[in-house]
Amino acid sequence: MDVVIKNTLESFKLTSAGWQFMWILMIIGLAGVGICIERFYYILIKCSKGRDMFLQRFAQCIKDKKYDEAVGVANQNSNFPIASVMKAIVENRSKGKDGMIAASDSAFLMEAPRVNRYLALLGTFANVLTLTGLMGTIFGLIITFDAVANKPAAERPAAMANGISVAMGTTLIALLGAIPIMAVQGFLLLLSERVIQEMEEKGLTTINYLASEA
């Protein structure tokens with residue numbers, strides 16, 4: 001294991017064949033990790049932490065017919081996408097059910113893309129990592145075959161080892177980056193879908209309740 005780590009780290013040196021691929025893989029991988037962290041923060045913390053308490057307060061205000069207070073609660077919790085949807089519904093309650101639905105749809109179309117933002121890009125990063133690793137593998141094999149065909153016998157083993165090291169190193173780094181990013185993307189998609197479904201469900205419930213009270 002120590003040998004693998006040592007050889008991998010040495011592959012980043014400018015004197016190493018295929019160092020370009022290693023640095024490209026690292027940059028793409030770090031960009032993917034950065035997006036994962038930002039989306040985790042937005043979906044798990046900004047969109048979720050305290051959301052249940054907000055919904056309870058908002059529902060109680062609606063039940064008590066304190067609509068101005070409900071709008072105030074939504075304004076205080078504007079970090080939640082669902083708060084914008086709820087606020088739009090309450091503010092347009094005088095327009096009837098159709099008006100509330102139109103306002104809800106408008107707010108939903110504004111908020112839903114913010115929840116899903118960059119998630120598709122994670123899949124792209126994972127694919128680019130894999131393909132770049134494959135390119136590095138082919139580059140390493142070219143070095144290996146060139147050593148077999150053209151290098152003197154004394155230099156051949158070292159040249160072949162260098163080519164194989166490039167091929168295996170780029171593949172390893174690419175998979176180490178792509179697999180976690182793909183796994184995180186799947187998890188974040190599940191979380192974002194839950195947030196979006198809740199926006200639709202709670203919004204429709206609120207519209208039906210206010211329509212029945214009119």
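# A helix-by-helix tour

Helices α2 and α6 lie oblique to each other. That's our starting point, and keep in mind as you click around that this is a predicted model. Select residues 19-46 for α2 and residues 96-116 for α6: they pack at an angle of about 135°, with their axes 9 Å apart. An angle over 145 degrees would count as roughly antiparallel, so this pair gets the label oblique instead. To see where the two helices touch, show the side chains of Arg39, Tyr42 and Ile43 on α2, then Arg114, Val115 and Asn116 on α6. Colour this little group by class and you'll get 3 nonpolar, 1 polar and 2 charged residues.

**Next stop: α3 and α4**

Now pick residues 51-63, which is α3, and residues 67-76, which is α4. Their axes are 8 Å apart and the packing angle is about 165°. That angle makes α3 roughly antiparallel to α4. If you're wondering about the handedness, α3 passes α4 in a left-handed crossing.

Which residues meet here? From α3, select Phe54, Arg57, Phe58, Cys61 and Ile62; from α4, select Tyr67, Glu69, Ala70, Val73, Ala74 and Gln76. Sorted by class, this contact has 8 nonpolar, 1 polar and 2 charged residues.

Stay on Phe54 for a moment. Leaving aside residues up to four places away in sequence, Phe54 touches Val73, Ala74, Asn77, Phe80, Ile82 and Ala83.

**Going inside: α5**

Select residues 81-91 to bring up α5. Of its 11 residues, 8 are buried, so the rest of the structure largely encloses this helix. The buried ones to highlight are Pro81, Ile82, Ala83, Val85, Met86, Ala88, Ile89 and Val90. What do they pack against? Switch on α2, α3, α4, α6 and α8 (156-213), and you'll have the partners of those buried residues.

**Last stop: the core**

In soluble globular proteins, nonpolar side chains tend to be buried together. Here, the largest nonpolar core has 48 residues. For a good view of it, select Phe54, Phe58, Ile62, Ile82, Val90, Leu122 and Leu210, the members with the most contacts inside this core. You've already met some of these names: Phe54, Phe58 and Ile62 were in the α3 contact with α4, while Ile82 and Val90 were among the buried residues of α5.

Which elements give two or more residues to this core? They are α2, α3, α4, α5, α6, α7 (119-150) and α8. Finish by colouring α8, which gives the most, with 11 residues.

How values were computed
Residues are numbered from 1 along each chain as its sequence is written. This is a predicted model: local features need pLDDT of at least 70, side-chain atom pairs count only at pLDDT 80 or more; totals for chains, interfaces and linings use all residues. Side-chain values use heavy atoms; hydrogens and water are left out. Axes are lines fitted to C-alpha atoms, for helices over the stretch in contact, and angles run from 0 to 180 degrees between N-to-C directions. Helices (H or I, at least four residues) and strands (E, at least two) are DSSP runs, numbered from the N terminus. Angles under 35 degrees count as roughly parallel, over 145 as roughly antiparallel, 65 to 115 as roughly perpendicular and the rest as oblique. Contact means heavy atoms within 4.5 Å. Ala, Val, Leu, Ile, Met, Phe, Trp, Tyr, Cys and Pro count as nonpolar, Asp, Glu, Lys and Arg as charged, and the others, Gly among them, as polar. A crossing is left-handed if the near helix is turned anticlockwise from the far one by less than a right angle, and right-handed if clockwise. Buried means under 20% relative accessible area, exposed over 50%, partly exposed in between (1.4 Å probe, protein chains only). A nonpolar core is a set of buried Ala, Val, Leu, Ile, Met, Phe, Trp, Tyr and Cys residues joined through side-chain atoms within 4.5 Å.
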